[in-house]
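Visitor: Please take one strand of the sheet and look at it closely. Go through its partners and its surroundings.

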Amino acid sequence: MAAEPAGMADAPPWSLRRRLLAAIVSASIVLWLASLGIVTVISWQETNEVFDDALEESGYMLMAATTDWDERGLLAQARPPDGGPGRKVDMQYQIVADGRVLQRTEGAPLRPFVLGFDDRDGFADPEVDGNRWRVFVVRDEARRFEVQVGQEHEKRFEILEELAESLWLPVLGVLVLLALVCWILTGRVLKPLRRTASAMAAKTPDDLALVPTAGQPRELLPIVQALNGVLGRLDAALQAERRFTADAAHELRTPLAGLHMHVQLLQRQHPDLAAPFQKLRQDIARMTALVDSLLTLARLDPLAREQLVRQPVALAPLLERLLAAYAQEAAQRGIALGVRCELDVVEADPQMLEIVLRNLVDNALRYCPAGSRVEIVAARHAGRDRIVVRDDGPGVDDASRTRLTERFFRVLGQGQGGSGLGLSIVKRIVDLHGIELAFGSGLDGRGLGVSLDLPRSGAS
């Protein structure tokens, strides 16, 4: 397993929480200050308008107070003479003496805003004719009369509504910008987390190298270190298993070969026991095939895809050799074996490709009854090179198809011998080549079909 570069592992880990908090708080402060500036500018503009309106209102009030009033005691209209828009302040005035309204503006009530006011001046919130008013009352020093200036509460709410209408769009824009900035900053801060997660997800039995701890956030270090511990133990276990499989298979080959020779000799010396000795030879042959499969898997397991030496393989001669090798067995079983090749050359390891095809043909012949057909087809399909081995035998149910490549798995009820490793070897070899392996229906919708879709040109 790969070791970390010297010095990198000694660097103190940084805190993901602190970086995330610093990024969000910094962005929030900056955008809050920007939002505060926007609110201040808009509020200043609105306040200036209100103050200007109050100055204007005072000017018109002075004008009205210095002119005559009519017999009903109405002051001259304190409105813009040019018919401009209504003012925001819109105050109404009363001059009250002995509880009677002597003078008032047209919008003021007929009766005083406030009766029985004791202080020299102050504010009150009376309700007059069903409307709430905010009223300021001031008396002269001799308490002969008082001036009451009122403004409806509704007018004040209108000012707030105008302020809200001016502010909602900028504030919404700042909030959207804050969300976008936080999203970007969060993504940047959490990038090491996603990178580490991708490195963990990419781990396979062929790649059990330790995940680097250098540059990892402090919060993620315990997870990475625990994973590295698991990877180390898993790698040691796999290495031990592979060594045991290879050593055991290698040690078994020699005694099995000797046992096979002794049984042959005994069969010649005792022809009356030919049948039992033939059965013993078949059992030894199955054991030898199992040992060969274990040796093959032991050689394939440590390999990586990059270690394969691919080269152009002439497919027609390879299929012809397969046909010749299995022609006699197919004839003895009463099975029609055919080949159709429309591909000239494929890129693969020639020995491994031959092992794959031999295992697939051997499986098809083993499990098909007499009178069946087995066909090997190599052709282009959907822009890719495809090799298919199909038969019209008993087939395999859908539940068993998903387990066909498991080691030592055999479909029950077939009545045929086998090690249960043939398709496991096929699976391992096609994975090394990047070939897509699929199981489906065979000839005429019956039996089993195994398809091998080779990678496109330039793909690995």
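Guide: S11 runs antiparallel to strand S13 (residues 448-453), and five bridges join the two. Strands here are DSSP runs of E with at least two residues, helices are runs of H or I with at least four, and both are numbered from the N terminus. Two strands pair if DSSP finds at least two bridges between them. Val 389 stands opposite Val 450 in S13.

This is a predicted model, where local features need pLDDT of at least 70, side-chain atom pairs count only at pLDDT 80 or more, and totals for chains, interfaces and linings use all residues. Residues are numbered from 1 along each chain as its sequence is written, and side-chain values use heavy atoms, leaving out hydrogens and water.

Strand S10 (residues 373-381) is also antiparallel to S11 (residues 384-391), with eight bridges between them. His 381 has Arg 384 as its bridge partner in S11. Ala 378 is partnered by Ile 387. S10 and S11 form a hairpin with two residues between them. In its turn, Ala 382 has a positive phi of about 55°.

Now the whole sheet. It is open and mixed, with five strands in the order S8-S10-S11-S13-S12. Strands S8 (336-341) and S12 (436-441) are the edges, each pairing on one side only. The twist averages 15° from one strand to the next.

Helix H6 (residues 315-333) lies across S8, S10 and S11. H6 runs at about 175° to S8. Axes are lines fitted to C-alpha atoms, for helices over the stretch in contact (heavy atoms within 4.5 Å). Angles run from 0 to 180 degrees between N-to-C directions.

S11 is largely enclosed by the rest of the structure, because six of its eight residues are buried. Buried means under 20% relative accessible area, exposed over 50%, and partly exposed in between (1.4 Å probe, protein chains only).
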